[in-house]
Amino acid sequence: WPCPRCTYLNVAARQACELCAQPRPANPEPEALAVSQQQELLQGIKLLEQRAAHLDVQQMVMKDDGNCQFRAVAYQLYRDQGYHPQVRRRAVAEIKAQKA
């Protein structure tokens, strides 16, 4: 949410502005919240890009279908996120084996 005093974009969970301690407005406008969430997302993406550049690593986009963690592991192992079903099966099998 954007602070009405200093305009800082706070995370949704904060009840007061992180910079100026202004209390969160009681009923923020829905449009303002949507814009704030979009700006927060864009700031996060920019920060990730900066960190990746600093570490000299490349960000890889995974398909957003609920399998992104398994897709990322598949990409690291096989350089192909298409192997995510096999990675998921292996992970589930290992978890079940550890429970037994």
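Q: Is Asn-67 buried or exposed in this one?
A: In this predicted model, Asn-67 has a relative accessibility of 14% and therefore counts as buried, since the cut-off for that label is under 20%.

Q: Where is Asn-67 found?
A: Asn-67 is found in the loop that lies between α1 and α2, the latter being the helix that covers 68-78.

Q: And what is Asn-67 in contact with, leaving aside its neighbours within four places in sequence?
A: With those neighbours set aside, Asn-67 is in contact with His-84 and with Arg-88.

Q: Switching to charges, how many salt bridges does a search of the whole structure find?
A: The search of the whole structure turns up one salt bridge; it joins Asp-65 to Arg-71, and the closest N and O atoms of the two are 2.8 Å apart.

Q: Which burial class does each partner fall into, Asp-65 and Arg-71?
A: Asp-65 counts as partly exposed, at 33% relative accessibility, whereas Arg-71 is buried, with a relative accessible area of 9%.

Q: OK, cysteines now: how many disulfides are there in the whole structure?
A: A search of the whole structure finds zero disulfides. Cys-6 is in none, and the nearest cysteine sulfur to its own, which belongs to Cys-17, is 3.6 Å away.

Q: Why is there no bond from the sulfur of Cys-17 to the one in Cys-6?
A: Because the sulfur of Cys-17 lies 3.6 Å from the one in Cys-6, its closest cysteine sulfur, the separation is too far for a bond; the cut-off applied to a pair of cysteine sulfur atoms is 2.5 Å.

Q: Are those two buried or exposed, Cys-6 and Cys-17?
A: Cys-17 is buried, its relative accessible area being 3%, while Cys-6 counts as partly exposed at 30% relative accessibility.

Q: What about aromatics, how many pairs does the search find?
A: The search of the whole structure finds one aromatic pair. The rings belong to Tyr-78 and Tyr-83, with their centres 5.0 Å apart and their planes at 45°, so the pair is classed as tilted.

Q: How accessible are Tyr-78 and Tyr-83?
A: Tyr-78 is partly exposed, with a relative accessible area of 47%, and Tyr-83 also counts as partly exposed, at 37% relative accessibility.

Q: Last one, where is Trp-1 found, and is it buried or exposed?
A: Trp-1 is found in the segment before α1, the helix that covers 30-55, and it is buried, with a relative accessible area of 3%. Although Trp-1 and Gln-37 are 36 residues apart in sequence, their C-alpha atoms are 7.3 Å apart in space.

Methods. Residues numbered from 1 in each chain as written. Predicted model: local features only at pLDDT ≥ 70, side-chain atom pairs only at ≥ 80, totals over all residues. Heavy atoms only, no water. Salt bridge = Lys/Arg side-chain N within 4 Å of Asp/Glu carboxyl O. Buried < 20%, exposed > 50% of the residue type's maximum accessible area, 1.4 Å probe, protein only. Helix = DSSP H or I, 4+ residues; strand = E, 2+ residues; numbered from the N terminus. Contact = heavy atoms within 4.5 Å. Phe/Tyr/Trp six-rings, centres within 6.5 Å; stacked < 30°, edge-to-face > 60°.
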